[in-house]
Amino acid sequence: MQQDPRSAAASGKDFPYRMQTLCYIEVHKDGRVTHGRDNGTYERARSGESTLYAVWPGNYRSDLFIIDDLDEYAGAFGIIHDQERTGLADHVHDVKWQRSSIEDKPRAQYTWIEVELLCGCTVKDLDTFAAQMNKQKGWNVATSGGWGSSGMPGGKQTYSFRVRRKSLES
Ligand SMILES: [Zn+2]
């Protein structure tokens, strides 16, 4: 039985654009088929040079989706800034930070810091926050491993991040 691909747009924010096991398939205008994605995928799909699909693997069957909401796709990969997804405005954050008193090993490459965003942003996407802090403060925030937040919704929120010690000192 043949079926049309399902719509990624219909899944909205639930579509796992960044899932490791998702297989992107790009069908180019000239009929060429490639898989995976590169820096040009978004532009090609947006301009109609190609059509982007993805296979979402499941336990018993896999589904083919057409990536028909390219803004969601671009937001998920940080190609365009997505404030709703990341919780972060596209601005220079007003950051209050201090070194964490816990686990300070002076010779470790990374150290923990506690951060408060006075500008009212929240951190929902660590990759985006790390990229912004790298540009704005020169920090190297570790994006693998743990980070945390504490505080009450609507109240003061404090985050803990692992940051390369040297990048704090520069
Ligand atoms: Zn902010």
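In this predicted model, the largest pocket has a volume of about 270 Å³. Its lining comprises 18 residues, and those closest to the centre of the pocket are Gly78, His81, Thr128, Ala131 and Gln132. Two elements, α3 (70-76) and α5, each give two or more residues to this lining. The greatest contribution comes from α5, with 6 residues. In chemical character, the lining of the largest pocket consists of 5 nonpolar, 7 polar and 6 charged residues. Both domain 1 (6-80) and domain 2 (84-169) take part, each supplying at least three residues to the lining of the largest pocket.

The second largest pocket has a volume of about 170 Å³. Gln3, Asp4, Pro5, Arg6, Arg61, Ser62, Asp63 and Leu64 form its lining. Here strand β5 (residues 62-66) is the element that gives the most, with 3 residues. The lining of the second largest pocket divides into 2 nonpolar, 2 polar and 4 charged residues.

The table sets out the two pockets by volume, leading element and lining.

| Pocket | Volume | Element giving the most | Lining residues by class |
|---|---|---|---|
| Largest pocket | about 270 Å³ | α5, 6 residues | 5 nonpolar, 7 polar, 6 charged |
| Second largest pocket | about 170 Å³ | β5 (residues 62-66), 3 residues | 2 nonpolar, 2 polar, 4 charged |

The model also contains a zinc ion, whose protein donors are His91 through NE2, His93 through ND1, Cys119 through SG and Cys121 through SG. These donors lie 2.1 to 2.3 Å from the zinc ion. The arrangement is tetrahedral because the 4 donor atoms subtend angles of 102 to 117° around the zinc ion, and four donors count as tetrahedral if all angles lie between 85 and 135 degrees. Along the sequence, the donor residues follow the spacing H-x1-H-x25-C-x1-C. The pair His91 and Cys121 links distant parts of the chain, the two residues being 30 residues apart. His91 is placed in the loop between α4 (83-86) and β6 (95-99), whereas Cys121 is in the loop between β7 (110-117) and α5 (126-137).

These two donor residues can also be described by their accessibility. His91 has a relative accessibility of 32% and therefore counts as partly exposed. Cys121 has a relative accessibility of 9%, so this residue counts as buried; the cut-off for buried is under 20%.

Helix α5 appears in both parts of this description: it gives 6 residues to the lining of the largest pocket, and the loop that holds Cys121 lies between β7 and α5.

Definitions and conventions. Residues are numbered from 1 along each chain as its sequence is written. This is a predicted model: local features need pLDDT of at least 70, side-chain atom pairs count only at pLDDT 80 or more; totals for chains, interfaces and linings use all residues. Side-chain values use heavy atoms; hydrogens and water are left out. Donors are N, O and S atoms within 2.8 Å of the metal (3.2 Å for Na, K and Ca); water is not among the atoms, so sites may look incomplete. Four donors count as tetrahedral if all angles lie between 85 and 135 degrees; four count as square planar and six as octahedral if opposite donors are over 155 degrees apart and all others between 65 and 115; anything else is irregular. Buried means under 20% relative accessible area, exposed over 50%, partly exposed in between (1.4 Å probe, protein chains only). On a 1 Å grid over the protein atoms alone, a cavity is a set of points where a 1.4 Å probe fits but cannot get out, and a pocket is an open set with protein on both sides within 12 Å along at least five of seven lines; lining residues have an atom within 4 Å of a point. Grid points are joined across faces, edges and corners, and a volume is the space filled by probe spheres set on the points. Ala, Val, Leu, Ile, Met, Phe, Trp, Tyr, Cys and Pro count as nonpolar, Asp, Glu, Lys and Arg as charged, and the others, Gly among them, as polar. Domain bounds come from an automatic or database domain assignment.
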